[in-house]
Amino acid sequence: MLAAGRFGAAYYLAGYVVECALKACIARKTNQYDFPPRDGNKFYSHDLEDLAKRAGLELELGSLGVNWTIVKDWDENSRYETKPESKARDMLAAVGDPGGILECLRRFW
């Protein structure tokens, strides 16, 4: 998407990757047949900070400094927004670079 000049789509999809990864971390901590829990609607959230708390990973992600600062404000409505190339590149780097969000989450799913 980035190479095609679809900066908004690149930004949105990178955030969606983090959302899915956080939900995988939550699922990993859940016993078979227990998912979704009774308050399951809370787990259908798109709020990355809320999902990080539910996964018990807010400290780990917070320790990633600027990477988490860039990623945590993503929301599902970004798919309707135009993003500049710089925002898309920053998001992709925060998510995918060594020491980024995805590398951190991969240890917990």
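I began with S78 in this predicted model and listed its contacts, leaving out residues up to four places away in sequence, which gave Y11, Y12 and K83. I then placed S78 in the loop between α4 (66–71) and α5 (85–96), and its relative accessibility of 2% puts it among the buried residues. Looking at polar contacts next, I found one of 3.1 Å that joins the side chain of S78 to that of W74.

Two of these partners led me further. What sits over the ring of Y11? I found the charged end of K83 there, 4.5 Å from the centre of the ring, and I noted that Y11 and K83 both appear among the residues that S78 touches.

For Y12 I turned to the aromatic rings, and a search of the whole structure returned two aromatic pairs. In one of them, the rings of Y12 and Y16 have centres 6.0 Å apart and planes at 10°, and because planes under 30 degrees apart count as stacked, I recorded the pair as stacked. I also checked where the two tyrosines stand in the chain: Y12 and Y16 belong to helix α1 (residues 7–28), and being four residues apart they are separated by about one helical turn. Is Y12 buried or exposed? I entered Y12 as buried, since its relative accessibility is 14% and the limit for that class is under 20%. Y16, with a relative accessible area of 36%, is partly exposed. Y12 and Y16 form one aromatic cluster together with W74, the residue whose side chain makes the polar contact with S78.

I next looked up the largest nonpolar core, which has 26 residues, and wrote down V18, L22, L61, V71 and L105 as the ones that touch the most other members. The helices α1, α2, α4, α5 and α6 (101–106) each supply at least two residues of this core, and α1 gives the most, with nine. Which residues does V18 contact beyond its neighbours within four places in sequence? My list for V18 reads L48, V71, V95, I101 and L105, and V71 and L105 are also among the core residues that touch the most other members.

My last entry concerns Y44, which I located in the loop between α1 and α2 (48–55). With a relative accessible area of 49%, Y44 is partly exposed, as the class of exposed residues requires over 50%. I also took the separation of the C-alpha atoms of Y44 and D73, which is 17 Å for two residues that stand 29 residues apart along the chain.

Key:
Residues are numbered from 1 along each chain as its sequence is written. This is a predicted model: local features need pLDDT of at least 70, side-chain atom pairs count only at pLDDT 80 or more; totals for chains, interfaces and linings use all residues. Side-chain values use heavy atoms; hydrogens and water are left out. Rings of Phe, Tyr and Trp (its six-membered ring) pair if their centres lie within 6.5 Å; planes under 30 degrees apart count as stacked, over 60 as edge-to-face and the rest as tilted. Buried means under 20% relative accessible area, exposed over 50%, partly exposed in between (1.4 Å probe, protein chains only). A charge sits over a ring if NZ of Lys or CZ of Arg is within 6 Å of the ring centre and within 35 degrees of the ring normal. A polar contact is a pair of N or O atoms within 3.5 Å; within protein, one must be able to donate a hydrogen and the other to accept it, and residues adjacent in sequence count only if both atoms are side-chain atoms. Contact means heavy atoms within 4.5 Å. A nonpolar core is a set of buried Ala, Val, Leu, Ile, Met, Phe, Trp, Tyr and Cys residues joined through side-chain atoms within 4.5 Å.
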